[in-house]
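Notebook open, coffee at hand. I want to go through a few local features here one by one and jot down what I find.

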Amino acid sequence: MSELTTLRHFIGGTWVEPASGEYFESTNPATREVLYRAARGDATDIERAVTAARQAFEDPRWRDLSQTRRGHLLRRLGDLIAENAEDLARMETQDNGKLLREMRGQLATLPEYYYYYAGLADKIHGDFIPTSDRRVLNYTAREPLGVVGAITPWNSPLTLTSSKLAPALCAGNTVVIKPSEYTSATVLKLADLAIEAGFPPGAVNVVTGFGAEAGQALVDHRDLAKISFTGSTATGARIAAATASRFIGSTLELGGKSPNIVFEDANIPNAAMGVVAGIFAAAGQTCIAGSRVFAHRSVYDELLERVTERARTIVIGDPLDEKTELGPLAFEGQRDKVAGYVDLGRGEGARVLTGGRATDGGLGGYFYEPTVLVDVDNSMRVVREEIFGPVLAIMPFDTEEEAVRLANDTEYGLAAGVWTTNLARAHRMAARLDAGTVWVNTYRAMSPMSPRQGFKSSGVGVEHGTETILEYTRLKSVWINTSEEPVADPFTMRS
């Protein structure tokens, strides 16, 4: 992508100049080079996008489309993503710094989101309800909500947008997306592919820009039926308050500080690789990062040695290079935030066993070394607060009961990992951990078929699986009197 490329909003099936005429620059975090200029959206642009989405929602071409045909469009969109996978992977790598080989893996599975919801589209239906009066027919219907707003983050733009877009369209809604200002390019391309797939103009709209300008205007728009947001807990709380005051729904996938627990009976080499994958993959920039590790005291030293040794040998560099294992953080502010937390940890008494330094990776970018902290405990901010970077805190424990207590001692409840060969213990831990997803002897496994939900401050609502269809539909109860007898006078008592 040329640095001279200019990206406009995608509204009503066409490319639209920003109302303000203003653009902002997006840079490659590995090199700090300008990649493109994107339209700086504001309330006027959001108004145009929501209006286009509302018109598309009421358009018979979409409103009256059979659910099976809706599924065909989703399947076609999945096919187009597969055909454009290499270009999309490279665009996303240059936009947010994730490894190209990781992005190729994500793009290889991304069409499955659309195929899965394509199959579900004509399985959405209500029920027949038996009532006490056989002359009255009562049934329910699942209806689309209307215009759905989706606000998506920079760490996995296409995957996390698809988690919202595919089920929303499957249920018959139309969508306005506000992507992160750091990663607009691939989401705009996705909207363009939706039109090529056959979705009517206005079914998928994208307004680029900043949260305080375009994002807030989308949350506040009076014609919005729902917001689905992935991002920080603080922003999620503000969105929850705004949507609750208008009695519209929200699905919020928020922060995490996930525990990864290694018991004395675990396969330690496997557990060490699971710990490394949990925190250093994607440079730790995932909400499910296993940033807190609790290791049984009898295996603590061995695990620590294996994890630290691997962290020291992780290859930092150009995310487009197949040999690179750790790319840059997505932007300068995020790199500075990570560095600040490590300095804070040092001040709290933590010891940096490896890493703990910012680097430009030889490319001038926003890199940070894989970092392992020891001499830490659950009271430290570096252990309690989400860092969103390659920083691991590792602590020993003595009993299963203590491991549960330490793991659950957090405001978050997004995910957790358990490493054990004891089947009974695996089930006990899965039941007692306060997390929406629990992995046993693996980490970061995910599928559009498996529902996920954050507990406590990690969110509200469900993404993925059949359950998410309930998030994008409303339930209507219909009563029909099938009797042709005269309606009784309500003030005359029946004998």
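**Entry 1, a small sheet.** I started at Thr5, which stands opposite Tyr36 in strand E5. A reminder to myself: this is a predicted model. E1 and E5 (residues 34-39) run parallel and are joined by three bridges. Next I asked which strands make up the sheet and in what order. I get three strands, E1-E5-E4, in an open sheet with mixed pairing. Strand E1 (5-7) and strand E4 (23-27) are the edges, each pairing on one side only. From one strand to the next, the twist averages 30°.

**Entry 2, charges over rings.** I stayed with the same region for a moment and looked for arginines over aromatic faces. Arg37 lies over the face of Tyr23, at 4.6 Å from the ring centre. I also noted Arg70, which sits over the face of Trp62 at 5.9 Å from the ring centre.

**Entry 3, aromatic pairs.** How many aromatic pairs are there? The count comes to nine. I wrote down two of them in detail. A ring pair is described by the distance of the centres and the angle of the planes, and I kept to that.

For Phe10 and Trp15, the ring centres are 4.8 Å apart and the planes stand at 70°; that is over the 60 degrees needed, so I call the pair edge-to-face. Phe10 is buried at 1% relative accessibility, whereas Trp15 is partly exposed at 35%.

Then Phe24 and Phe210: their ring centres are 4.9 Å apart and their planes at 55°, so this pair is tilted. It links distant parts of the chain, 186 residues apart. Phe24 is in strand E4, and Phe210 is in the loop between strand E10 (204-206) and helix H8 (211-220). Phe24 is buried, with a relative accessible area of 7%. Phe210 comes out at 25% relative accessibility, so I logged Phe210 as partly exposed.

I also found a cluster: Trp154, Tyr182, Phe331 and Phe388 form one aromatic group.

**Entry 4, positive phi.** Phe388 turned up again when I checked backbone angles. Its phi is near 65°, a positive value in a residue other than glycine. Where does Phe388 sit? Its place is in the loop between helix H13 (381-384) and strand E19 (391-397). Is Phe388 buried or exposed? Phe388 has 15% relative accessibility, and the limit for buried is under 20%, so Phe388 counts as buried.

Arg444 is another non-glycine residue with positive phi, near 70°. Arg444 lies in the loop between strand E22 (437-440) and strand E23 (452-453). With a relative accessible area of 24%, Arg444 is partly exposed.

**Entry 5, two helices.** I pulled up helix H4 (residues 85-96) and helix H7 (residues 185-197). Their axes are 9 Å apart and they pack at an angle of about 155°. Angles over 145 degrees count as roughly antiparallel, so that is what I wrote down for H4 and H7. Which residues make the contact? On the H4 side they are Leu88, Met91, Glu92 and Asp95. On the H7 side they are Ala185, Thr186, Lys189 and Leu193.

**Entry 6, around Thr174.** Thr174 lies in strand E9 (residues 174-178). At 0% relative accessibility, Thr174 counts as buried. I listed what Thr174 touches, leaving aside neighbours within four places in sequence. The contacts include Ala53, Arg54, Ala56 and Phe57. Among them are also Gly146, Val147 and Val148, as well as Gly202 and Ala203. Trp62, which has Arg70 over its face, is one of the contacts too.

**Entry 7, a covered strand.** Last stop was strand E14 (residues 292-296). How many of its residues are buried? Five of its five are, and the strand is mostly covered. In a regular strand the side chains alternate between the two faces of the sheet, so I checked the directions. Arg292, Phe294 and His296 point one way, while Val293 and Ala295 point the other way. Residues on both sides are buried.

For the pairing of E14, I looked at strand E13 (residues 259-262). E13 and E14 run parallel and four bridges join them. One bridge partner I noted is Arg292 of E14, which goes with Pro259.

Methods:
Residues are numbered from 1 along each chain as its sequence is written. This is a predicted model: local features need pLDDT of at least 70, side-chain atom pairs count only at pLDDT 80 or more; totals for chains, interfaces and linings use all residues. Side-chain values use heavy atoms; hydrogens and water are left out. Buried means under 20% relative accessible area, exposed over 50%, partly exposed in between (1.4 Å probe, protein chains only). Two strands pair if DSSP finds at least two bridges between them. Axes are lines fitted to C-alpha atoms, for helices over the stretch in contact, and angles run from 0 to 180 degrees between N-to-C directions. Rings of Phe, Tyr and Trp (its six-membered ring) pair if their centres lie within 6.5 Å; planes under 30 degrees apart count as stacked, over 60 as edge-to-face and the rest as tilted. A charge sits over a ring if NZ of Lys or CZ of Arg is within 6 Å of the ring centre and within 35 degrees of the ring normal. Angles under 35 degrees count as roughly parallel, over 145 as roughly antiparallel, 65 to 115 as roughly perpendicular and the rest as oblique. Contact means heavy atoms within 4.5 Å.
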